[in-house]
Structures are given as structure tokens and as C-alpha cells.
Amino acid sequence: MENLPESPFTDTTLTSLPSLCNTSTSPSSPVVTQQNPLDLGVATPNQLVLLLRDVNLREEVIDQLVKKRDACKDLALLVWNTFNAVFILLQEVIAVHPKLPSMVTMRESTRACNALALFQVMANNPETRRELIKAQIPCYFYPFLFKPGGKDKPLEYLRLTSLGVLGFLTRFDDPYGNEVLDFFMDTEVVHLCLECMDVGDELSSKVATLIVVKILMQPKGMNYCCASAQRFYLIVQVLYRVVEKLSEKPCLLHLKYVIQCYLSLSGVLRFVRPCDALTSQVPPKLFDGTFTDIVRTDPETSRMLYLLHVNIFGYQYFPMNQDSNNVAKPDTTVQKAMGKGKK
């Protein structure tokens, strides 16, 4: 990690900055320099990255970089390869750690979230994604995912943005996807996501559920989740509570993620041993018609729900009124059902 200092807890100094302002020297005072205010809005990403070293401009510089992230395709590589840039962004993130969980102000949260947004850019780039994992940088974001003492907005924003970084890392189909999955298992990301599903707000819970879905869809991830009874039952119990919440405030996309989780677990257990472990753990509300109105609008979700019922109870009567055109035939595989609608 040649672009990071040895420790993230040392102070940085301003060495050299790009010239973004006009200077003029009075003949009578040759040593006095007058500077016009910097217009960071017109600065290029290259100039902004260098200006990160100015502690007085850093907050606004990071904000401008976030605004330019869609226009600058090479921003991830630019930030990663600029000396001290990643370290400075880490400083912005860990600065709020001592104030967790309930002493973070909205301004502090916004500032840290902007830094996290730049880590999202790096996580979304295949070249820098692996470097983030090799440096174990996502571990600095885990404190925002632990079960909090409250549900204040500043913490929820930090949690959601941190989950966004992890979500971008779940590209398990790329050449280094296996390294990311191993990192997730070694650092117990599943457990952290389960906590977010349990205590986070709607968006955080949805993103955390999607991350768990993607892990379960990998054979190694499935083996990890089913390796111990404690881990397996923790997953299904959290899913149960999520379904209860969704019954009060339905969300089709979130419900689809939950069903995908159950379907992955049931698809494996069905061929390994009887599915009694899931029979008592799957919420009755999935099959008693509670979600009929929203499920019937999406054939894929309807199909997956039918297959879940088949995997758990066998080819029994499915209590929900289903449109036969929207329901999969008995020989439809779990893999086919989950092959579409991936996010």
C-alpha cells in the first residue's frame, strides 16, 4: 500500500497545491500575498484530489468530488493512486467513531458519508475493488453496522452509505470475486448485515438483505451460512422478523430479497436432509395471503414463492390464489427462479 501512510492516526501536512487562485503582490509589500477565494466548482478532479491535503478546504473538496463522480470515469483510480488520498478519506470516516452511536451530528454524518461515497466509487471499480479488500479497508466501516443504541438519522445515513460500499463489493462474478467473498466470511459480514436487517430503517434493511442474498447465492457462501446450526437459525429468525415488518409496510423488492434468501436455504436443505428445520421458521404470512396483492404484480416473485412452498412442504396445495401463468411448474429449478431479477 504505497499510497497509504504506515498509520491512519497521524496528521498530514499541506505540501503543495495546484494553483486555482489569482495572486498579486503590492510593490510596497512584496512579501504579502492576496488570494481570491477558490472556486472549487470549476476545479478538475485532479486538482481536487490534490486539494484534499488542505484541512481547511477538505470538506468542500470531498463534496465536489462526490458531485463529479459520475462525470469522471477514472475517479476511483485517481483517488487510489494519489498519495495520501485514501488515508485522508479514512481519517474523515474514523473521526466519527468515538462519537458512536448517538453523539454524531448531522454535519459530521454528512461529511463522513461523502468520504464513504468515494469509497463506493472505488468499490465499484474492478481495479480498485481488489485493492480495498487487500488493504482490509472495509473493516473501518463496520462500526457503523453494529447494533446501535438508537435510530437517529445521522447514524442511519452512515449505516446505509457503509452498506452501499459493501454492496458494490459483492461482484462475486468478477475475477477477484472469490477474494471478496473470503474476506466477507472472515470478517463476518453476514452477521453485521443481519443486525442491519433487524434494527436498521427500511433502506438499510433492504440493502443488507440484498448483500445476504448475494452471499447465499454463492456455493461457498451457502456452506458458510449453513455450517453451524446457530448461524443458520440466526439467519432464518432475522428473516422471520423482517417478514413481520413487511406485513405492516409492504415493499415488493425487499420481499423478493427475503424470499430469495429463504429459497436458497430451502433449495439446499431439500436435497441434503428433510426441510423440518425451515418448516417451523418460515413465517406463515408468506403463504396465508398477506402479500397476495403485491406478489401478483410480479410473476418472478410469485414463482419464487411457489417454489419455496414446494421445497418446504412438498407438492402440496398452495393456499394463495395464484394465476397459473405466473406460477412455475413443479419441475422448475431453484436456480432458474433466481436467475432473473438480480440486482
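This passage describes the helix packing, nonpolar core, cysteines and salt bridges of a predicted model.

Helix H9, spanning residues 189-199, is mostly covered, with ten of its eleven residues buried. The buried set consists of Val189, Val190, Leu192, Cys193, Leu194, Glu195, Cys196, Met197, Asp198 and Val199. These residues pack against five helices: H7 (153-169), H8 (177-186), H10 (202-216), H11 (219-225) and H12 (229-248). On the side of helix H10, Ser205 belongs to that helix and is buried, at a relative accessible area of 5%. When neighbours within four places in sequence are left aside, the contacts of Ser205 are Cys196, Met197, Gly200, Val242 and His254. Of these contacts, Cys196 and Met197 are among the buried residues of H9.

The largest nonpolar core contains 98 residues, and the members that touch the most others are Phe119, Tyr262 and Leu286. Helix H5 (residues 106-123) supplies the largest share of this core, ten residues. For Tyr262, with neighbours within four places in sequence again set aside, the contacts include Val236, Leu239, Tyr240 and Val243. Tyr262 is also in contact with Leu278, Gln281, Val282, Pro283, Leu286 and Leu308. Leu286, one of these contacts, is itself named with Tyr262 among the core members that touch the most others.

A search of the whole structure returned zero disulfides. In the case of Cys225, the closest cysteine sulfur is that of Cys226, at 6.4 Å, and no bond is assigned because this is too far; the cut-off for a disulfide is 2.5 Å between the sulfur atoms. Cys225 is buried, with a relative accessible area of 0%. Cys139, by comparison, has a relative accessibility of 28% and therefore counts as partly exposed.

The structure holds 16 salt bridges. One of them joins Asp63 to Lys67, with 3.3 Å between the closest N and O atoms. Both residues lie in helix H2 (residues 58-67), where Asp63 and Lys67 are four residues apart, about one turn of the helix. Asp63 is partly exposed, at a relative accessible area of 24%, whereas Lys67 is exposed, at 59% relative accessibility.

A second salt bridge connects the side chains of Arg159 and Glu156, with an N to O distance of 2.2 Å. This pair is also placed within a single helix, H7, at a separation of three residues, about one turn. Arg159 and Glu156 are both buried. Helix H7, which holds this pair, is one of the helices against which the buried residues of H9 pack.

A third salt bridge is formed by Glu244 and Lys285, whose closest N and O atoms are 3.1 Å apart. This pair links distant parts of the chain, 41 residues apart: Glu244 is in helix H12, and Lys285 is in the loop between helix H14 (276-279) and helix H15 (292-295). Both partners are partly exposed, Glu244 at 25% relative accessibility and Lys285 at 27%. Elsewhere, Glu59, Glu92, Arg107 and Arg111 are joined into one network by salt bridges that share partners.

Definitions and conventions. Residues numbered from 1 in each chain as written. Predicted model: local features only at pLDDT ≥ 70, side-chain atom pairs only at ≥ 80, totals over all residues. Heavy atoms only, no water. Buried < 20%, exposed > 50% of the residue type's maximum accessible area, 1.4 Å probe, protein only. Helix = DSSP H or I, 4+ residues; strand = E, 2+ residues; numbered from the N terminus. Contact = heavy atoms within 4.5 Å. Core = buried A, V, L, I, M, F, W, Y, C linked by side-chain atoms within 4.5 Å. Salt bridge = Lys/Arg side-chain N within 4 Å of Asp/Glu carboxyl O.
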